[in-house]
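Work through the exercises below with the model open. Each task is followed by a solution in steps.

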Amino acid sequence: STLSSSSAASDVYKRQIMEVETKQPKSKYNLWIWIISIVIPVAVAVLFTVRIPGVERMGFLPPIYATLNALTAVILIISVIQIKKGNRKNHEFLMKTAILLSLLFLLLYIAYHMTSDSTKYGGDGILKYLYYFILITHIMLSITVIPFVLITYVRAITGKFEKHKAIARITFPLWLYVAITGVIVYVMISPYY
């Protein structure tokens, strides 16, 4: 009886230690996810108001960052195909590539807007409403998708694959929509640069 109660106490103690150990990294990641998810949109909004003096307009950047969006969309689709085929290493490489392309897009996008005024859409009629609908949903979801991408990534690198799969089902369509609509926005506004 004493042996079984000490064994039960030992089991409880081990479970408590494991809970503490698993909670610490999770809370550390959660803190960083929140910080990054807030800092990126705020930094972009602030940097939109900054103009670099003496630097010529970087009009060559929009087609480059639109291409990065297109590549991201293609990579996201291929990545999902790869994981459905069981190719985890390919999936992991492609997802890291998609994240890097998205970061590069963000840097180029900020650089463009720090050297250039925003371009106004010059179309009218139904295309104007369609453009602004796509643009607004693109902007809103590009902010919303940040924590989803980070949480999905953290769940993968920490080996929580069931939770990773569950949130990836939400992250994938959001991220894909943002990438595709980024290209559509560029195509629609490019005649007015």
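The exercises cover helix packing and pockets.

The model is predicted, so local features need pLDDT of at least 70 and side-chain atom pairs count only at pLDDT 80 or more, while totals for chains, interfaces and linings use all residues. Residues are numbered from 1 along each chain as its sequence is written, and side-chain values use heavy atoms, with hydrogens and water left out.

**Exercise 1.** Describe how H2 packs on H5.

Step 1. Helices (H or I, at least four residues) are DSSP runs, numbered from the N terminus. H2 spans residues 61–84 and H5 spans residues 161–189.

Step 2. Their axes lie 8 Å apart, at an angle of about 150 degrees. Axes are lines fitted to C-alpha atoms over the stretch in contact, and angles run from 0 to 180 degrees between N-to-C directions.

Step 3. H2 is therefore roughly antiparallel to H5 (over 145 degrees).

Step 4. Contact means heavy atoms within 4.5 Å. On the H2 side the contact residues include Pro62, Ala66, Leu76 and Val80, and on the H5 side they include Phe172, Trp175 and Tyr186.

Step 5. The residues of this contact divide into 15 nonpolar, three polar and no charged. Here Ala, Val, Leu, Ile, Met, Phe, Trp, Tyr, Cys and Pro count as nonpolar, Asp, Glu, Lys and Arg as charged, and the others, Gly among them, as polar.

**Exercise 2.** Describe how H3 packs on H5.

Step 1. H3 and H5 pack at an angle of about 45 degrees, with their axes 15 Å apart.

Step 2. H3 and H5 are therefore oblique to each other (not under 35 degrees, not over 145 and not 65 to 115).

Step 3. H3 contributes Arg88, His91, Met95, Ala98, Ile99 and Ser102 to the contact, and H5 contributes Phe161, His164 and Trp175.

Step 4. By class, the contact of H3 with H5 has five nonpolar residues, three polar and one charged.

**Exercise 3.** Which helix gives the largest share of the lining of the largest pocket, and which does so for the second largest?

Step 1. A pocket is an open set of points on a 1 Å grid over the protein atoms alone where a 1.4 Å probe fits, with protein on both sides within 12 Å along at least five of seven lines; lining residues have an atom within 4 Å of a point.

Step 2. In the largest pocket, H4 gives the largest share of the lining, 11 residues. The lining divides into 32 nonpolar, nine polar and one charged.

Step 3. In the second largest pocket, the largest share of the lining is nine residues, from H5. This lining divides into 14 nonpolar, four polar and six charged.

Terms used
Helix = DSSP H or I, 4+ residues; strand = E, 2+ residues; numbered from the N terminus.
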